[in-house]
Amino acid sequence: MLPDSANSRMSSDLMQSPAWQALEIHAQMMQGRKISTLFAEDPARFKNCHVEQDGLLFDYSRQRITQKTIELLVNLARQEDLDGWRDKMFSGEKINTTEGRAVLHTALRRPADETVMVESENVMPFVERVRQQMKTFTEAVHSGEIKGSTGQKINTIVNIGIGGSDLGPYMVCEALKPWQKADITSYFVSNVDGTHISEVLKRINPETTLFLVASKTFTTQETMANATTAKNWLIEKLSNEDAAKDHFAAMSTNEDAVRQFGINPARMFPFENWVGGRYSLWSAIGLSICLSLGYDHFEALLNGAYAMDRYFQGAPLDRNIPVLTALFGIWNRNFLGCAAQAVIPYDQYLHRFPAFLQQLDMESNGKRVTRDGEAVSYDTGPVVFGEPGTNGQHAFFQLLHQGTDIIPCDFIAPKTSQNTVGEHHKLLLANMVAQAEALMHGRTLEEATGNPQRVFEGNRPSSILLFEEINPYHLGGLIALYEHKIFVQGIIWRLNSFDQFGVELGKEMAKGILASEGRGKSDIGILNYF
């Protein structure tokens with residue numbers, strides 16, 4: 001609990017620090033500087049403002065920065081001991097201070113022979129046991145060794161979860177559709193709105209369906225409501241009270257609740273409290289990924305993330321892609337006044353990636369209190385949103401180009417499409433580059449032939465992340481890149497990026513309203529209409 005004086009104390013020491021003050025002065029000097037002018041002044045700007053790493057090209061030449069900006073931002077990162085905090089995270093120290101937990105989603109993608117200590121215990125044997133349990137189960141389902149209660153082979157997977165237990169696995173399975181097992185169909189149910197589970201149940205055969213219930217405590221309100229509905233439907237359709245044991249598996253740590261629900265504890269896949277929900281797709285929560293794509297592709301996903309981890313740990317800060325993306329976000333948010341960040345994947349398979357990032361970023365850094373319990377005096381996490389290109393161009397890009405707010409963009413694309421249809425991919429990439437160029441250059445009144453409605457201010461920053469292709473390995477790297485970006489920003493803003501107390505209040509109040517059914521709640525007048 002915060003001290004009574006928390007609201008009166010401010011974390012102004014960050015803003016008064018030498019590195020922050022130097023950036024304030026630099027930002028004033030950069031006022032009026034145009035990105036297009038920076039290109040004109042430096043014909044080699046693209047060469048000097050991009051980084052290539054392991055099949056990824058990061059082009060930040062259209063950010064409103066100079067080499068001096070990067071130098072000052074790196075100084076800020078060093079002032080806040082980014083290297084030290086990074087080492088603490090990877091080594092298993094309890095950097096989630098409010099909950100007294102280590103932060104070790106990175107351990108989930110490390111090789112089994114490495115050592116990661118938490119409270120004098122090497123966690124890697126546990127990680128490897130769960131991975132092998134997932135692999136064995138996945139292969140048994142795919143081979144037909146594990147069948148439904150009537151002896152039919154499983155060909156449908158329904159993942160029931162919410163938040164990180166849904167957004168991450170669902171995003172990955174959509175992004176990697178070309179690697180989907182030909183004889184497996186996957187569905188993801190999250191919303192407590194009965195429509196979500198009902199629409200899925202209409203499409204599936206109970207005899208060939210496996211339900212995965214993802215809930216650490218096995219008490220998550222929305223998840224358990226959907227799981228109970230699925231179980232009752234299954235029992236009714238199969239006329240078998242014990243059907244759950246053949247048609248359900250659980251990703252949980254509550255064995256008693258799993259057993260009571262009717263699931264065989266041998267089908268319970270555990271994970272530890274040092275795995276946060278929005279970072280959990282690498283854990284047992286990724287079982288739906290294994291079953292949908294095959295364990296080998298899940299392993300490639302882990303390997304891509306691990307490669308990004310190693311790169312994040314070892315690359316110089318001024319040439320480190322996760323660090324640079326974070327620093328440019330700090331620059332745009334705190335020194336250029338940009339309150340939002342758009343993420344635009346020019347790849348239809350990545351259509352759920354912006355939604356995944358919304359939770360990853362806004363649940364991590366959408367906070368107004370530092371890890372030391374002080375109210376912040378500066379802006380923290382931005383609003384994150386996005387849609388695939390080119391759909392977004394015909395929706396919210398009007399605001400990006402001519403709106404009163406400047407919203408930086410991350411454009412993400414593969415050089416090679418998984419579907420080579422005519423000139424589609426060439427047209428797609430041309431549109432992406434054109435949007436970045438238009439945001440930067442704008443259009444003058446003269447170029448608009450005197451029509452002010454057609455004037456674009458320009459000077460709006462963007463970056464491009466260009467992959468050779470979006471495959472399991474590169475997707476793993478992309479996800480890890482953004483995880484580390486968010487971590488870096490949290491360290492600089494002095495936040496704990498790994499708790500989420502802001503999620504809890506509404507859920508607690510919903511339970512109270514549900515229990516009372518509105519009785520004695522005359523101040524909530526809308527309840528009278530339910």
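At what angle do helix 2 and helix 15 pack, and how far apart are their axes? In this predicted model, local features need pLDDT of at least 70 and side-chain atom pairs count only at pLDDT 80 or more, while totals for chains, interfaces and linings use all residues. Residues are numbered from 1 along each chain as its sequence is written, and side-chain values use heavy atoms, with hydrogens and water left out.

Helix 2 (residues 18-30) packs against helix 15 at about 75°, with the axes 11 Å apart. That makes the two helices roughly perpendicular, a label for angles of 65 to 115 degrees. On the helix 2 side, the contact (heavy atoms within 4.5 Å) involves Trp 20, Leu 23, Glu 24, His 26, Ala 27 and Met 30. Helix 15 brings in Trp 331, Asn 334 and Phe 335. Sorted by class, that's six nonpolar, two polar and one charged.

Helix 15 turns up again in the cavities. A cavity here is a set of points on a 1 Å grid over the protein atoms alone where a 1.4 Å probe fits but cannot get out, and lining residues have an atom within 4 Å of a point. The structure has five cavities of 30 Å³ or more, and the largest has a volume of about 80 Å³. Its lining is made of 13 residues, with Gly 329, Arg 333, Gln 341, Pro 382 and Gln 489 nearest the centre. Two or more lining residues come from each of helix 15 (321-335), strand 10 (340-345) and helix 19 (472-492); helices are DSSP runs of H or I with at least four residues, and strands are runs of E with at least two. Helix 15 gives the most, with three residues.

Conventions: 1 Å grid on protein atoms, 1.4 Å probe; cavity = no way out; pocket = protein on both sides within 12 Å on 5 of 7 lines; lining within 4 Å. Points joined across faces, edges and corners; volume = space filled by probe spheres on them. Axes fitted to C-alpha atoms, helices over the stretch in contact; angles between N-to-C directions. Parallel < 35°, antiparallel > 145°, perpendicular 65-115°, else oblique. Nonpolar A, V, L, I, M, F, W, Y, C, P; charged D, E, K, R; others polar.
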